[in-house]
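Here are my notes on the model you sent over. They go point by point, so keep the viewer open while you read.

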Amino acid sequence: MKNKTHLSETIRFMWRHACRRWPLFVTMLVLIAIAKICDVVVSVYYKDFIDALTGANPTKTALYQIAFLIMGTMGITWVCWRIVEAIANFWQPDAIREIGEESYKYLQKHSFNFFINNFVGSLVKRLNRLPTAFETVADIVLFSLYSTFVLILASIVAIYQVSPLLSAVLVIFVIIFISANYWFAVYMLKYDNKVNALDTKWSGFVADTISNNMNIQLFSSFPREFTAFKRITHDWRKMSTFTWNMKSLGNGVQATLMIGVEVGFLLIGTELWSQGKITAGDFVLFENILISILLISGISGATCANL
């Protein structure tokens, strides 16, 4: 419960700083949505290109028209992402600056006993972690999770126009994939917090022993300090190895789901093609969309556990 409370407080804190520049934030959301929808539209145009190429009477004019549509749509995507990057390059550093200033002000208002009872290095580590975390979370939410959501939604609509059955397969895959990632992220949260705490403890111990190096040498206490340091690094190694192994297992489950949906699309698509319900261009549409979803979903799944 304590971890959930801290997480919700952190999310509200970051959301408050993000919304202080809500016009920029909304603009990025709109442009990212346009860019991801254009990616799906490009796949539709490739479908039309293959259908025209394999048709009974393909014409060079029709192929050129589709090619120019593809290039134009890609150009729109390129412009959207350049504007998003330009906005993010101002929005994120300014928000990080404000978070750093607010965190510093909050830290300095603590009592004298608070600073006596905490390692200086640990406080520095914790103070610097929150501004850096804002950049990480913002990148994950905007460029991974939100992009994936828009891409999947647009893909379901596009595939439904061709085959409701295949769109249902995609919906089932998305539900299973998101549910598995959410459960895994919640399960790993407590262990990630332990690793972060040990990482902070490691940095704090090193910073404090460096500050007190003269006393360590004066009282010949290096063996005792080194033994204490080895206990910290040993605990960090054990917990990090466990979390990394679990994340590798999670990646394996994700890969299995991705292979399953890929095989399912091919088998069902082949059956529909044999019945004359889809064309070769439809196969191109399915594969282009599926590859895009699998690529961005793999990134999202890997980062979601670190959120």
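**Notes on the predicted model**

1. Let me start with a pair worth finding in the viewer: R21 and E98 are both buried. They form a salt bridge, and their closest N and O atoms are 3.0 Å apart. R21 sits in the loop between α1 and α2 (22–53) while E98 belongs to helix α3, so the bridge ties together parts that are 77 residues apart in sequence. In general, side chains of opposite charge can pair when their charged atoms come close.

2. Before going further, a word on confidence, since this is a predicted model. The average pLDDT of the protein is 83, and 92% of the residues score at least 70. Two stretches need care. Residues 1–5 stay under 50 in pLDDT, and the model gives them two contacts beyond four places in sequence. Residues 299–307 are also below 50, with 17 contacts in the model beyond near neighbours in sequence. Where pLDDT is low, the predicted coordinates should not be read in detail. I'd keep that in mind when looking at those 17 contacts of residues 299–307.

3. On to the overall layout. What is the count of helices and strands? There are nine helices and zero strands in the protein. Reading from the N terminus, the elements therefore go α-α-α-α-α-α-α-α-α, with helices being DSSP runs of at least four residues.

4. How does the radius of gyration compare with that of a compact globule? The protein comes out at 26 Å, whereas a compact globule of 307 residues would be near 19 Å. The C-alpha trace spans about 90 × 40 × 35 Å along its principal axes. Two pairs of residues give a feel for the spacing. N251 and K60 are 191 residues apart along the chain, and their C-alpha atoms are separated by 45 Å. A255 and G100, 155 residues apart in sequence, are 38 Å apart in space, C-alpha to C-alpha.

5. Both N251 and A255 can be placed in the same helix: N251 is in helix α8 (residues 222–274), and A255 lies in helix α8 too. N251 has 40% relative accessibility and so counts as partly exposed. A255, at 34%, is also partly exposed.

6. Some bulk numbers for the surface and the packing. Buried residues make up 36% of the 307. The protein exposes about 18100 Å², and carbon and sulfur atoms supply 68% of that area. Taking contacts with a separation of 6 or more, 83% of them are between residues 24 or more positions apart.

7. Back to charges. The salt bridge count comes to 13. One of these joins R16 and E102, at 3.2 Å from N to O. This pair links distant parts of the chain, with R16 in helix α1 (residues 2–19) and E102 in helix α3, 86 residues apart. Are these two buried or exposed? Neither label fits, because R16 has a relative accessibility of 36% and E102 has 27%, and the range between buried and exposed runs from 20% to 50%. Each one therefore counts as partly exposed.

8. A local pair makes a good contrast in sequence terms. R97 and E101 meet in a salt bridge at 3.2 Å, N to O. Both lie in helix α3, four residues apart, which is about one turn of the helix. R97 is partly exposed at 39% relative accessibility, and E101 is partly exposed at 45%. Salt bridges that share partners join R20, R21, D94, R97, E98 and E101 into one network. That network takes in the R21 and E98 of my opening point.

9. Last, a residue that is easy to skip over: T73, in helix α3 (residues 60–108). Its relative accessibility is 9%, so T73 counts as buried. A polar atom of the T73 side chain lies 2.8 Å from the backbone oxygen of L69. Which residues does T73 touch, leaving aside its neighbours within four places in sequence? T73 is in contact with C38, V41, V42 and Y45.

Methods: Residues are numbered from 1 along each chain as its sequence is written. This is a predicted model: local features need pLDDT of at least 70, side-chain atom pairs count only at pLDDT 80 or more; totals for chains, interfaces and linings use all residues. Side-chain values use heavy atoms; hydrogens and water are left out. pLDDT is the predictor's confidence in each residue, from 0 to 100. Contact means heavy atoms within 4.5 Å. Helices (H or I, at least four residues) and strands (E, at least two) are DSSP runs, numbered from the N terminus. Buried means under 20% relative accessible area, exposed over 50%, partly exposed in between (1.4 Å probe, protein chains only). A polar contact is a pair of N or O atoms within 3.5 Å; within protein, one must be able to donate a hydrogen and the other to accept it, and residues adjacent in sequence count only if both atoms are side-chain atoms. A salt bridge is a side-chain nitrogen of Lys or Arg within 4 Å of a carboxyl oxygen of Asp or Glu. The radius of gyration is taken over C-alpha atoms; the globule rule is 2.2 Å times the number of residues to the power 0.38. Accessible areas come from the Shrake-Rupley method with a 1.4 Å probe; for residues, only the protein chains shown count as cover.
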